[in-house]
Amino acid sequence: DVKAGVNESGEKYIDLGKKRRATVRQFKGATFLDIREFYGDESDLKPGKKGISLGREQWENLKKGSDAIDSFFAKIGK
């Protein structure tokens with residue numbers, strides 16, 4: 001099941017587990033998918049420096065490649 005939440009800024013996110021989140025946000029007028037690692041207590045998580053921001057085009061390419069990525073996982077092992 002997908003676990004969604006809302007951060008202190010009102011942004012919706014998907015909990016990826018192990019203190020990682022995927023959040024769609026705007027920065028300098030552009031919209032990004034921000035996949036970021038957080039630190040701290042579960043009740044007071046803070047964003048860390050480790051993360052990546054994908055633009056809409058990159059996100060669409062990643063989704064299109066999901067079957068190929070699944071096959072990579074299968075070949076290497078889970």
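**View 1. The loop between E2 and E3, in a predicted model.** Lys19 sits in the loop that links strand E2 (12–17) to E3. Please keep in mind throughout that this is a predicted model. Lys19 is not a glycine, yet its phi is positive, at about 60°. In general, most residues other than glycine have a negative phi. With a relative accessible area of 32%, Lys19 is partly exposed. The hairpin of E2 and E3 has two residues between the strands, and in this hairpin Lys18 also takes a positive phi, near 50°. On either side of the turn, E2 and E3 run antiparallel and are joined by four bridges. One pair to look for is Ile14, which stands opposite Ala22 in E3.

**View 2. The hairpin of E3 and E4.** Strand E3 (residues 20–27) and strand E4 (residues 30–39) are antiparallel, with eight bridges between them. Two bridge pairs make handy landmarks here. Arg20 has Glu37 in E4 as its bridge partner, and Arg25 stands opposite Phe32 in E4. Two residues separate the strands of this hairpin. Lys28 belongs to the loop between E3 and E4, and its phi is near 50°, a positive value in a residue other than glycine. Is Lys28 buried or exposed? Its relative accessibility is 78%, so Lys28 counts as exposed, the cut-off being over 50%.

**View 3. Arg21 and its surroundings.** Staying with strand E3, we come to Arg21. Which side chain of opposite charge is nearest to Arg21? That is Glu8, 5.0 Å away. A salt bridge would need a side-chain nitrogen of Lys or Arg within 4 Å of a carboxyl oxygen of Asp or Glu. Arg21 is buried yet has no salt bridge. Leaving aside residues up to four places away in sequence, Arg21 touches Asn7, Tyr13, Ile14, Leu16, Asp34, Ile35, Arg36, Phe38 and Leu45. Among these contacts, Ile14 may be familiar from the first view, as the residue opposite Ala22 in E3.

**View 4. From E4 across to E5.** E4 also pairs with strand E5 (residues 46–55), again in the antiparallel sense, over seven bridges. Phe32 is a good place to start: it stands opposite Gly55 in E5, while Arg25 stands opposite Phe32 on the E3 side. How many residues lie between the strands of the E4 and E5 hairpin? There are six, and Gly40 in the turn has a positive phi of about 105°.

**View 5. A nonpolar patch on the two helices.** Trp59, Leu62, Ile69, Phe72 and Phe73 make a nonpolar surface patch of about 460 Å². Helix H1 (56–64) and helix H2 (66–76) each supply at least two residues of this patch. Which helix gives the largest share? H2 does, with three residues. Ile69 is one of the patch residues and lies in helix H2. Its relative accessible area is 31%, so Ile69 is partly exposed and passes the patch cut-off of over 30%.

**View 6. Stepping back to the protein chain.** After the close-ups, here is the wider setting. The protein chain has two helices and five strands, and from the N terminus on they follow the order β-β-β-β-β-α-α. Its C-alpha atoms fill a box of roughly 40 × 30 × 25 Å along the principal axes. Of the 78 residues in the protein chain, 18% are buried. About 6,600 Å² is exposed, and carbon and sulfur atoms supply 54% of that area. Among contacts with a separation of 6 or more, 6% are between residues 24 or more positions apart.

How values were computed. Residues are numbered from 1 along each chain as its sequence is written. This is a predicted model: local features need pLDDT of at least 70, side-chain atom pairs count only at pLDDT 80 or more; totals for chains, interfaces and linings use all residues. Side-chain values use heavy atoms; hydrogens and water are left out. Two strands pair if DSSP finds at least two bridges between them. Patches are made of residues with over 30% relative accessible area and no salt bridge: like charges are joined within 9 Å, nonpolar side chains (Val, Leu, Ile, Met, Phe, Trp, Tyr) within 5 Å. Accessible areas come from the Shrake-Rupley method with a 1.4 Å probe; for residues, only the protein chains shown count as cover. Buried means under 20% relative accessible area, exposed over 50%, partly exposed in between (1.4 Å probe, protein chains only). Lys and Arg count as positive and Asp and Glu as negative; His and the chain ends are not counted. Contact means heavy atoms within 4.5 Å.
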